[in-house]
Amino acid sequence: MEENSARDGETACDTGGEDALVGNVNKLMVIPHGYAGAQRKGHLVFDACFESGNLGRVDYISEFEFDLFIRPDTCNPRFRVWFNFTVENIRETQRVIFNVVNFSKTKSLYRDGMSPVVKSTSRPKWQRLPTKNVYYYRCPDHRRNYVMSFAFCFDREDDVYQFAYCYPYTYSRLQHYLAGLECRNLPYLQREQLGLSVQQRRLDLLTITNPVHLGPEREKRLVFLTARVHPGESPASFVCQGVIDFLVSQHPVAQVLRDHVIFKIVPMLNPDGVYLGNYRCSLMGFDLNRHWQDPSPWSQPTLHAVKQLIVHMSQDPRVSLEFYIDVHAHSTMLNGFMYGNVFEEEERVQRQAVFPRLLCQNAADFSLSNTSFNRDSVKAGTGRRFLGGLLDDTSYCYTLEVSFYSYMAAGSAAPVPYTEETYMKLGRNVARTFLDYYKLNNLIKDSRPAHIQSSEVASQTGKANVRTSPDDRGKMDAEEARKSQGIRQ
């Protein structure tokens, strides 16, 4: 099979095998083997040489079928999941089947109805392909590896079509968003450059609080969030933006939180990996979420900077670092859910279960049954595990996961696919839940008018049980009593 390049009008032949993938295709025109005629409409041109792009190779199978190879993460061939590419020079009503043939994972939400997302020049809003057009199966032609095939009909000749594993959220999009926040000159928002990546991209740190809390002698109650340590987990950025949007808003709940708590947020912990279109790793091939114990300042500078900041704060007697939440996306499970740590002290175990339970009351897409607490040795280098051992017993460290695909709402018979907006809504509900938690523990007095409701979704019943101590149950019963008297959460 022959792959011809449309760049500069030249043709090129690539006979390298799967292991020869080194970079993204660049305006690659794919034509039949032996074709010597003029280029024409319907000779598809593939491109992934753009920010967060990923497509390593395209094989022509027939006029209607093409095999697509994901480019592995830079310096790490183990990870091949994220794809993001464009197709142009199409013929109107041209029908094709694209086979993504070299996934590194066998378990996938494609088995449960997930589909890639698509947009085009004239229709710039991402949408999921119809599930009926997507197939996930073992393929004898590819060493019985799993293949994801999807059928598509191009309908506008002048459009450029873009396909991706999930809704992309690029480094440039984050920089544009943060610049817009800065332009608002909000007195309770600070943006600073905590460090630089290996390729000299910004590691941003946001501080959101009433500025009176930042005085050097004041005691500080602090919540720390990070996202995108795994660059292909783009839903984490939408969740994180939802948290930020809510905390900087004029919503009364946000105002109360800013008056009592300092929020520090690192929205993109692995900016090089995001820019390069990696799924799991940094530029140099490291899974940063396995290196918290001893990150290198030269090969893992962003992780090193965040760890140094948290360690420094943990040693300050005036700082109470009460929550650390690392936001991720999950490729095999539905809903939002959390991972927490396991402790010997039963009372600490029960206290740790309170925040997920409150979040479940606020967010219809959050699952308590998927939430779990573990001390798996494989996860020892993660932020949740490392900081859970570093910080004192008044701190709670969680991984917040959200499905790449969908959630099962209470009473729903079918999964509801996530959108960019519903990912952000989960982030807003995470932010609201901090007030519920602090009120429950009498750390914030209820000073809001009775008509203010902190939850976007009313409390639900029938969820999976999380064990709580008698004290916790008593506090929750008191909370329910306050709700019934008109103070709504």
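**Exercise 1. Strand S8 and its partners**

Which residue stands opposite Lys119 in S12? Work out how S8 is paired on both sides.

*Solution.* This is a predicted model, in which local features need pLDDT of at least 70, side-chain atom pairs count only at pLDDT 80 or more, and totals for chains, interfaces and linings use all residues. Residues are numbered from 1 along each chain as its sequence is written, and side-chain values use heavy atoms, with hydrogens and water left out.

Step 1. Fix the terms. Helices (H or I, at least four residues) and strands (E, at least two) are DSSP runs, numbered from the N terminus. Two strands pair if DSSP finds at least two bridges between them.

Step 2. Take S12. S8 and strand S12 (residues 161-164) run antiparallel and are joined by four bridges. Gln162 in S12 is the residue opposite Lys119.

Step 3. Take S9. Strand S8 (residues 117-120) and strand S9 (residues 123-128) are also antiparallel, with three bridges. Here Val118 faces Gln127. The link from S8 to S9 is a hairpin of two residues.

Step 4. Add the general rule. In a regular strand, side chains alternate between the two faces of the sheet.

**Exercise 2. Confidence along the chain**

Find where the pLDDT stays under 50, and set that against the chain average.

*Solution.* Step 1. pLDDT is the predictor's confidence in each residue, from 0 to 100. The chain averages 87, and 86% of the residues score at least 70.

Step 2. Residues 1-21 stay under 50; the model gives them 48 contacts (heavy atoms within 4.5 Å) beyond four places in sequence. Residues 448-489 are below 50 as well, with 81 contacts beyond near neighbours in sequence.

**Exercise 3. The fold in totals**

How many helices and strands does the chain have? Then describe its contacts and surface.

*Solution.* Step 1. The chain has ten helices and 22 strands.

Step 2. Of the contacts between residues at least 6 apart in sequence, 73% join residues at least 24 apart.

Step 3. Buried means under 20% relative accessible area, exposed over 50%, and partly exposed in between (1.4 Å probe, protein chains only). By that rule, 57% of the 489 residues are buried.

Step 4. The accessible surface of the chain is about 20,400 Å², and carbon and sulfur atoms hold 50% of it. Such areas come from the Shrake-Rupley method with a 1.4 Å probe; for residues, only the protein chains shown count as cover.

**Exercise 4. Helix H7**

Why is helix H7 described as largely enclosed by the rest of the structure?

*Solution.* Step 1. Count. H7 (residues 354-362) has nine residues and eight are buried, so the rest of the structure largely encloses it.

Step 2. Name them. The buried residues include Val354, Phe355, Leu358 and Leu359.

**Exercise 5. Two serines**

Is Ser108 buried or exposed? Compare its setting with that of Ser314.

*Solution.* Step 1. Ser108 is buried, because its relative accessibility is 8%. It lies in the loop between strand S7 (95-100) and S8.

Step 2. Beyond four places in sequence, Ser108 contacts Tyr136, Ser331 and Thr332. The C-alpha atoms of Ser108 and His330 are 9.6 Å apart, across 222 residues of chain.

Step 3. Ser314 belongs to helix H5 (residues 301-314). With 31% relative accessible area, Ser314 is partly exposed. Its contacts beyond four places are Leu390 and Leu391.

**Exercise 6. Arginines and rings**

Which ring does the charged end of Arg57 sit over? Go on to Arg258 and to a ring pair.

*Solution.* Step 1. A charge sits over a ring if NZ of Lys or CZ of Arg is within 6 Å of the ring centre and within 35 degrees of the ring normal. Arg57 sits over Phe69, 3.9 Å from the ring centre. Arg258 sits over Tyr188, at 3.7 Å.

Step 2. Rings of Phe, Tyr and Trp (its six-membered ring) pair if their centres lie within 6.5 Å; planes under 30 degrees apart are stacked, over 60 edge-to-face, and the rest tilted. The count is 44 aromatic pairs. Phe337 and Tyr339 have ring centres 5.5 Å apart and planes at 80°, so they are edge-to-face.

Step 3. Check burial. Phe337 is buried at 0% relative accessibility, and Tyr339 is buried at 14%.
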